[in-house]
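Work through the following exercises with the sequence and the model in front of you. Try each task before you read its solution.

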Amino acid sequence: MRPRTLLLHAILLTLASLPSLYAQAGEHGYVSAEDGRCSVWAPSRLQPEEYALRYTGGCKNGRAEGKGKAEWLYRYAEMKVKSRWEGEFRNGVFLNGSDIMGSITPIPGDHYLIPMGKVNGADLLFISTSEQDGPLELCRTESVRLVLPAGVSAADEDRVKNLMLEAHRRYRKTCPDSGKDLNLGIHTEAVRPQPNHMLPNPIAQARMGPAATQVERYSNKAADQARQEQARAEHEREQEASRQQFHDFSRRNNIQAWVTLQQLDENPFRWEGQTVGVVVRLERMLTRDRALIRSALRDRFALVQLTGITPDFPGSQNSVLLAATVGKREPLPDSDDKNLTLATLHHLASRTCDKPRCGDWLMWARRDQDIPWGEPFKAR
């Protein structure tokens with residue numbers, strides 16, 4: 001034979017002479033007994049590389065079921081019995097004397113998904129664990145999960161918290177000697193291992209001590225999202241109401257353009273004789289019916305005269321939505337400098353705003369094109 005052929009032949013002979021360890025492994029995590037008739041779920045250390053399984057007893061669909069006895073034989077110590085499990089098995093899992101209601105789903109990593117009946121219509125599940133070389137321990141519980149019944153929203157926090165409290169009581173009754181804090185989780189769909197063997201994250205969760213009488217360290221993504229959506233919907237309603245009152249004000253006063261005081265200061269003649277809308281604050285009163293006003297927006301500081309007002313015009317702490325007619329440039333009253341002139345507005349109507357920069361009236365206007373400052377404006 002050629003050298004390569006001889007090498008391949010030698011490898012095949014060597015493999016054939018080795019114990020058929022992996023032939024004894026069934027589905028992932030299950031180990032087949034020596035006679036190949038039945039399989040038992042093995043924790044992480046009791047794998048066929050080191051241990052052989054000898055099983056006698058009931059079997060269903062190729063897995064230990066009912067009364068049975070499993071012996072784990074250590075291959076490297078003359079097949080001595082390392083561990084012996086005798087009693088009730090279900091789905092290949094040794095119950096270890098635990099009172100378990102339904103079928104058990106073992107999960108790699110020494111975890112077990114165990115249905116424990118219902119709590120006020122919700123499915124109750126224990127996520128229990130085992131030693132790496134030992135059987136299931138029901139009360140060695142990593143967490144308790146609840147699957148909400150149809151029609152119950154995870155955002156219903158009163159219902160969710162009541163279910164958690166009842167699940168906590170049920171667990172403490174089942175496992176009275178457990179002195180550890182308990183993790184609780186809420187799901188809206190059946191809890192099943194994912195392709196990576198991990199369980200889905202709960203949508204609501206809490207952590208409660210043994211003597212807890214109320215839900216502790218609680219969080220609820222569904223309720224948080226519902227609150228965010230409610231707040232967003234409310235904000236949209238407020239925006240629409242703001243938009244409507246702004247347009248109503250513009251329409252009632254026949255406003256032809258909304259302008260900034262900076263635009264008026266630079267060129268009031270562009271809108272002379274027109275009715276414009278402005279957002280202003282009082283700078284100071286000049287006479288009983290005339291005042292200097294400044295912008296309540298963030299545009300560059302500019303001063304404009306406002307006529308036709310009364311002494312009770314809102315003070316400088318208030319922003320004002322103003323409809324006014326654009327006049328000419330005029331000097332300040334009693335000013336010695338006749339060359340100093342300011343654009344003049346004549347008051348037609350005004351509304352005192354509740355928020356700075358009239359945010360209650362302009363909260364809908366988040367983009368520059370929403371209000372085309374200085375351009376013709378048509379109310380809806």
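On a 1 Å grid over the protein atoms alone, a cavity is a set of points where a 1.4 Å probe fits but cannot get out, while a pocket is an open set with protein on both sides within 12 Å along at least five of seven lines, and lining residues have an atom within 4 Å of a point. Grid points are joined across faces, edges and corners, and a volume is the space filled by probe spheres set on the points. The model is predicted, so local features need pLDDT of at least 70 and side-chain atom pairs count only at pLDDT 80 or more, whereas totals for chains, interfaces and linings use all residues. Residues are numbered from 1 along each chain as its sequence is written, and side-chain values use heavy atoms, with hydrogens and water left out.

**Exercise 1. Find how many cavities of 30 Å³ or more there are, and describe the lining of the largest cavity.**

Solution. Step one is the count, which comes to 1 cavity of 30 Å³ or more; the largest cavity has a volume of about 30 Å³. Step two is the lining, made up of Trp 41, Trp 85, Val 93, Phe 94, Tyr 112, Pro 135 and Leu 136. Step three sorts these residues by class, where Ala, Val, Leu, Ile, Met, Phe, Trp, Tyr, Cys and Pro count as nonpolar, Asp, Glu, Lys and Arg as charged, and the others, Gly among them, as polar. The lining of the largest cavity then has 7 nonpolar, no polar and no charged residues.

**Exercise 2. Describe the largest pocket and the second largest pocket by volume and lining.**

Solution. Begin with the largest pocket, which holds about 400 Å³ of space. Among its 15 lining residues, Leu 297, Arg 298, Leu 362, Ala 365 and Trp 373 are the closest to its centre, and the lining divides into 7 nonpolar, 2 polar and 6 charged residues. Go on to the second largest pocket, with about 310 Å³ of space; of the 18 residues that line this pocket, Glu 142, Ser 143, Arg 145, Met 198 and Leu 199 are the closest to its centre. Its lining has 9 nonpolar, 7 polar and 2 charged residues.

**Exercise 3. Locate the disulfides and say whether the cysteines of each are buried or exposed.**

Solution. A disulfide is a pair of cysteine sulfur atoms within 2.5 Å, and a search of the whole structure finds 3. For accessibility, buried means under 20% relative accessible area, exposed over 50%, and partly exposed in between (1.4 Å probe, protein chains only).

- Cys 38 and Cys 59 have sulfur atoms 2.1 Å apart, and the torsion about their S-S bond is about 105°, so this disulfide is right-handed. Cys 38 counts as buried at 3% relative accessibility, whereas Cys 59 is partly exposed at 30%.
- Cys 139 and Cys 175 have sulfur atoms 1.9 Å apart, and with -80° about the S-S bond their link is left-handed. Cys 139 is partly exposed, with a relative accessible area of 35%, while Cys 175 counts as buried at 3%.
- Cys 353 is joined to Cys 358, S to S 1.9 Å; the torsion is about 75°, so the disulfide is right-handed, and both cysteines are buried.

Finally, with bonded cysteines counted along the chain, the disulfides follow the pattern 1-2, 3-4, 5-6.
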